[in-house]
Amino acid sequence: MLKGKVHKYGADVDTDAIVPGRYLNLSITEELAKHCMEDADPDFLKRVRPGDIMMATTNFGCGSSREHAPMAIKGSGISCVIAKNFARIFFRNAINIGLPLLECEEAVDKTENGDTLEVDLSGGTIKNLTRGLTFAVSPYPDFMAELIAAGGLIEYTRRRLESRRV
Amino acid sequence: MNLAEKILAAHAGKETVRPGEFINARVDMILVNDVTAPISIREFRRIGVSKVFDPRRIVMVPDHFTPNKDIISAENTKQMREFALEQGTLYFEVGQMCGIEHVLLPEQGLVLPGELVIGADSHTCTYGALGAFSTGMGSTDIAATMATGDTWLKVPPTIKLVYQGSLGEWVGGKDLILYTIGKIGVDGARYAAMEFVGEAIEALSMEGRFTMANMAIEAGAKAGLFRVDNKTQLYIKSRERHAYNVYEPDADAEYARVIEYDVSGMEPQVALPGSPANARPVSEVGDIAINQAVIGSCTNGRLEDLQLAAQVLRGKKVHPGVRCLVFPGSEQVYLDALTLGLIETFVKAGAAVSTPTCGPCAGLHMGILAEGERCISTTNRNFIGRMGSPKSEVYLSNPAVAAASAVAGRIVSPEEVSGQGTASLESYAPKRKRNYR
């Protein structure tokens, strides 16, 4: 169960906004986290607390393929990102590294910045504790659920290769 | 099946595939660069295999922070170089016929029609110009595929874009793609494949097609594909390193959407700061003074792009208030530009010519903008802060508009500065025959 305050953004939050290009020669999560949303929302790191939830409307994470973006978000303490939809490379990257993403239009429409949410990933529900609302999230496709359950793509791949050798 | 479906089915070992279906597909080539390699290599080591699946199908290109910007960047490229050596993968060293990855790979014949290519760079979609299905992924996906040789894909729906009519002077692939993104938005093709067809596409040069496919990602697309024709065949004729298959869409191929544009009379397009979707005709941009003009990149760093810029700049001077930076897309393009006298034209006009690098485009190094500065650029993204200060601005255009604006000191159409001391494109005709014209 994840619980935290919502940091809400609009449409088309791009990967340059999440972590600016000048930091792309860094590749450690903790270092990237120091620059999360640096240009787009300079106070974000002052406000964010471990477990908090990032929210946006549509096409979150558009632009570059930099895995540095979900790494920075994860490293900043954000426990999951909820949006109406995500850009496809960002979606893959986040799932691969174990940053949960949830697509839920209704939750986004009915949640305001600063609301407190409780997210049950396995049960597929988002509760807005501030407003007393509950939203259902459609489950991941089977294959992707398996990848998430394995703990990310690397662990999933390791198991696949091991089963091939048997 | 349409073009994307045909290629994906072939790589998944299936008779047919449908949009929305999850497939496991073998890949023909994997690309990684100095930004994404350090994470890919670290994650690859965690998988617990000692060797990559096939070193001949992995290419490593130092192009983003290179020539090394600082010690961290130097450590990154060193790590990539050592991994390439250890595993025997393809590797291009700076200066040694290297270049910006998406200019370099087609030029070297490392991507051919009908292939499936994944790269740890979002502009990997560039190779769609060759009738390949190519798409960007992150470092971890690349790490896993370096170990297994395959990857999971969701078969995308395809949007067919039909361009009728013929393009006027100073209008090319960049203008078509900016216009398209302006119409459908930065998520207009989210998770979809784009298939570009029509008489304007048939008339378009390979360079123009690379430019369009390159920016498919700016509409959110997974891939942007072109059908193989005589121009494609000519381009790859002297470059092909191995056999390949050409796929054609079926007559009854299904498309999620078909969009038609009549592009006759279209003006050069300029995307205003903030989003590539802020496109409008150059005549409607208004009076915008600029501090910098960038010509080059994986979007517009090919020979034809430099020829167009030189055509505008020949015999003229860059405005005293403007830094004009030219980045050939590869050492081969640099050499061809040198042979044709383009480099001399640039230097005499007052432009700085650099070795190929992604530096200025992504605000990494070389050409960073200060607060309040404005740049016109032939690159692909104008997100806030993309090229430097979050309080700087980037306008996107084709190379002729960028060159003309460099001369005028404000954003103008090439028509406004051509006329005095002009040179025709013919005066830059290649002295030696190029095989793809």
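In strand β15 of chain B, Cys324(B) is the bridge partner of Ala293(B). The structure described here is a predicted model. β15(B) covers residues 323–327, runs parallel to β14(B) and is joined to β14(B) by five bridges. Ala293(B) also has a bridge partner in β17(B), namely Ile376(B). The strand β17(B), residues 374–377, likewise runs parallel to β14(B), and three bridges join the two.

The strand shared by these pairings, β14(B), comprises residues 292–296; five of its five residues are buried, so β14(B) is largely enclosed by the rest of the structure. The burial extends to both faces of the strand. Gln292(B), Val294(B) and Gly296(B) lie on one side, Ala293(B) and Ile295(B) lie on the other, and all are buried. Ala293(B) is therefore a buried residue of an enclosed strand, with bridge partners Cys324(B) in β15(B) and Ile376(B) in β17(B).

Parallel pairing is also found around strand β8 of chain B, residues 158–164. β8(B) is mostly covered, with five of its seven residues buried. Five bridges connect β8(B) with β9(B), residues 193–197, in the parallel sense, and within this pairing Met194(B) of β9(B) is the bridge partner of Ile159(B). The connection can be described together with helix α6(B), residues 173–184: β8(B), α6(B) and β9(B) make a right-handed β-α-β unit. β8(B) pairs as well with β11(B), residues 257–262, again in the parallel sense and over six bridges. In β11(B), Ile259(B) stands opposite Leu161(B).

A further sheet in chain B is open and consists of five strands in the order β4-β3-β2-β5-β6, with parallel pairing. Its edges are formed by β4(B), residues 90–91, and β6(B), residues 133–136, each of which pairs on one side only. At the β4(B) edge, β3(B), residues 58–61, pairs with β4(B) in the parallel sense over two bridges. Tyr91(B) in β4(B) stands opposite Met60(B). Helix α5(B) packs on this sheet and touches β2(B), residues 29–33, β3(B), and β5(B), residues 116–119. The direction of α5(B) makes about 135° with that of β2(B).

The helix α5(B) is itself mostly covered, nine of its ten residues being buried. The buried positions are Ser139(B), Thr140(B), Asp141(B), Ile142(B), Ala143(B), Ala144(B), Thr145(B), Met146(B) and Ala147(B). Just after the helix, Gly149(B) takes a positive phi of about 85°.

Besides packing on the sheet, α5(B) takes part in the interface between the two chains. At this interface, 44 residues of chain B are in contact with 36 residues of chain A. Three elements of chain B give two or more residues to the side that touches chain A: α2(B), residues 37–47, α3(B), residues 71–87, and α5(B), residues 139–148. The largest contribution is that of α5(B), with seven residues. By class, the side of chain B that touches chain A has 21 nonpolar, 14 polar and nine charged residues.

At the level of the whole chain, chain B has 15 helices and 18 strands. Its C-alpha trace spans about 60 × 55 × 45 Å along the principal axes. A compact globule of 437 residues would have a radius of gyration near 22 Å, and the 21 Å of chain B agrees with this. Buried residues make up 62% of the 437 residues. Among the contacts in chain B with a separation of 6 or more, 78% are accounted for by residues 24 or more positions apart.

Chain A contains eight helices and seven strands. Its radius of gyration is 16 Å, close to the 15 Å given by the globule rule for 166 residues, so chain A is as compact as a globular protein of that length. The C-alpha trace of chain A spans about 50 × 40 × 25 Å along its principal axes. Of the 166 residues of chain A, 51% count as buried. Residues 24 or more positions apart account for 65% of the contacts in chain A with a separation of 6 or more.

Definitions and conventions. Residues are numbered from 1 along each chain as its sequence is written. Chains are lettered from A and ligands numbered from 1 in the order in which they are written. This is a predicted model: local features need pLDDT of at least 70, side-chain atom pairs count only at pLDDT 80 or more; totals for chains, interfaces and linings use all residues. Two residues are in contact if their C-beta atoms, placed from the backbone, lie within 7 Å. Helices (H or I, at least four residues) and strands (E, at least two) are DSSP runs, numbered from the N terminus. Ala, Val, Leu, Ile, Met, Phe, Trp, Tyr, Cys and Pro count as nonpolar, Asp, Glu, Lys and Arg as charged, and the others, Gly among them, as polar. The radius of gyration is taken over C-alpha atoms; the globule rule is 2.2 Å times the number of residues to the power 0.38. A residue is buried if 20 or more other C-beta atoms lie within 10 Å of its own, exposed if 12 or fewer, and partly exposed in between; C-beta atoms are placed from the backbone. Two strands pair if DSSP finds at least two bridges between them. A crossover is right-handed if, with the strands pointing away from the viewer, the path from the first strand over the helix to the second runs clockwise. Axes are lines fitted to C-alpha atoms, for helices over the stretch in contact, and angles run from 0 to 180 degrees between N-to-C directions.
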